[in-house]
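Visitor: I have a protein structure open and no clue how to read it. Could you walk me through it?

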Amino acid sequence: MEVLEKKKLKVATTSLAGCFGCHMSFLDIDERLFDLVQLVEFDRSPLTDIKEVGECDIGIIEGGLCNAENVHVLLEFRRQCKILIALGACAVNGGLPAQRNHLPLTDILSEVYLSSPGLGNGMIPNDPELPLPLNQVHPIHEVVKVDIFIPGCPPSGDAIWKVLTDLLSGRNPSLGHGLIHYD
Amino acid sequence: MTQTFILDGREIPFEPGQTIIQAALAAGVFIPHLCYHPEFKPHGSCKLCTVKVNGRHTASCTYKAAPGLEVQSNTEELNGERRTLVQMLFVEGNHFCPSCEKSGDCQLQATAYELGMMSPHFDHFFPDRPVDASHPELLLDFNRCILCSLCVRASRDVDGKSVFALAERGIDSHLIVNAASGRLADTNVALEDKAVQVCPVGVILRKRKGFAVPIGQRTYDEAPISGHLPLAEEC
């Protein structure tokens, strides 16, 4: 019965209003990446060249929602992925970017693009190519159902490895003292 | 003969007048708590110390120990309820641990770790209360306050100053500074005050002292909060 090649699980990842730190922490599993690619195949991810997410077993989301494109990508991931993972503080609760939530968006945009010293002929970018920012930053669970949360800013490579290996071997992922942290 | 009650199947000795949490902590058994502090009268606001006594839920910080009580604490049901309470506290405030200088030394955070909180679950309130940076030595970030009232009790009962108070009702309840201006700089608060030492979260902070302890050496880095028993150390 060994004739059938074991099908690899498909994993997609993305960064929304993230800093890519969670992806760097993912890469911090170091040589365990070689073990991982024996078990999984990567679909859309900043680490691959695939432009649109396809049908996947696991979708990993870094970053909260700060603009319209973030929401579009998140909905696409939710549609395609059986298990959706919120990776890191931003995806889990908005993170430090959500500190802008008590400031009116127009104030932020005009401070950055109009009134900051050193700007010549400043203007707020208005090309339709650019995604419009949301009034507030949101955690991803406010828009889609999230199956697994991995807290941390960023979560350690060990925490990410623990959750992934738990998942791949059919266990309910859990993090104990030292692996679970929010900072 | 010492009187005892049963906590999670274990016999716990107690002195007459002790509450369940006092006797448990003295016996080295951890019951999660935030507003309870061994040096102050119980407050009963955080509800984390809720236990089941003879089948009924009650706060172990206010319930007196009595001979033969059957108390449950470390059960899946109670810890699940505690996790929900902690999640409620997290979404009611702005608990951005990644930039908080109390991270690693914070009882709310450590309790959430202890209870295995992986996410705040509920939608965030994102409150917007301005910080009070008026005082030359101290900073107040009201968006992290969990209304435990320890600073209120310490300032009133120990320092004799009543610098802090809780005001308004419902979700609008919040910590205020007792000065006509509402500013901390216009009170007689001092760095050595008990009220300044006792905040379990990152509301009352000493200026220019943040991030002094390396990660790995902060209070709850090495041992979880269940490994820090306030009363056991004193006994």
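Here is our chat about the sheets, the contact between chains and the salt bridges.

Guide: Before we start, this is a predicted model, where local features need pLDDT of at least 70, side-chain atom pairs count only at pLDDT 80 or more, and totals for chains, interfaces and linings use all residues. Residues are numbered from 1 along each chain as its sequence is written, chains are lettered from A and ligands numbered from 1 in the order in which they are written, and side-chain values use heavy atoms, with hydrogens and water left out.

Visitor: In what order do the strands of the open sheet in chain A lie?

Guide: The general idea is that strands of a sheet pair through backbone hydrogen bonds, either parallel or antiparallel. Helices (H or I, at least four residues) and strands (E, at least two) are DSSP runs, numbered from the N terminus, and two strands pair if DSSP finds at least two bridges between them. Here, 5 strands of chain A go β2-β1-β3-β5-β7, with parallel pairing. At the edges sit β2 (40-42) and β7 (148-150) of chain A, each paired on one side only. From one strand to the next, the twist averages 25 degrees.

Visitor: How many bridges join β1 to β3 in chain A?

Guide: There are 5 between β1 (residues 9-15) and β3 (residues 56-62) of chain A. For instance, A:Ser15 has A:Glu62 in β3(A) as its bridge partner.

Visitor: Which strands does helix α3 of chain A touch?

Guide: Contact means heavy atoms within 4.5 Å. For angles, axes are lines fitted to C-alpha atoms, for helices over the stretch in contact, and the angles run from 0 to 180 degrees between N-to-C directions. Helix α3 (residues 68-80) of chain A packs on the sheet against β1, β3 and β5 (81-87) of chain A, with its direction at about 135 degrees to that of β5(A).

Visitor: What about the sheet in chain B?

Guide: That one is also open, with 5 strands ordered β2-β1-β5-β3-β4 in chain B, but the pairing is mixed. Its edge strands are β2 (10-14) and β4 (56-59) of chain B. Ignoring direction, neighbouring strands are turned by 40 degrees against each other on average. Within it, β1 (residues 3-7) and β5 (residues 70-72) of chain B pair in the parallel sense over 2 bridges. Helix α2 (residues 76-92) of chain B lies across β3 (50-53), β4 and β5 of chain B, at about 150 degrees to β3(B).

Visitor: How many residues of chain B are in contact with chain A?

Guide: 28 residues of chain B are in contact with 23 of chain A. You can also look at buried area, the accessible area (1.4 Å probe) that two parts lose on being put together, summed over both. Chain B and chain A bury about 2,000 Å² between them, 63% of it on carbon and sulfur atoms. B:Tyr113, B:Met118 and B:Phe126 supply 35% of the area that chain B buries against chain A, more than any other three residues.

Visitor: And which side chains meet in a salt bridge across that interface?

Guide: Side chains of opposite charge can pair when their charged atoms come close. The rule asks for a side-chain nitrogen of Lys or Arg within 4 Å of a carboxyl oxygen of Asp or Glu. Across the interface of chain B and chain A it finds 1 salt bridge: A:Asp183 with B:Arg218 (2.8 Å, N to O).

Visitor: How many salt bridges are there over all chains?

Guide: The count is 18. One of them joins A:Asp158 and A:Arg32 (2.9 Å, N to O). A:Asp158 lies in helix α6 (residues 157-168) of chain A and A:Arg32 in helix α2 of chain A, so this pair ties together parts 126 residues apart in sequence.
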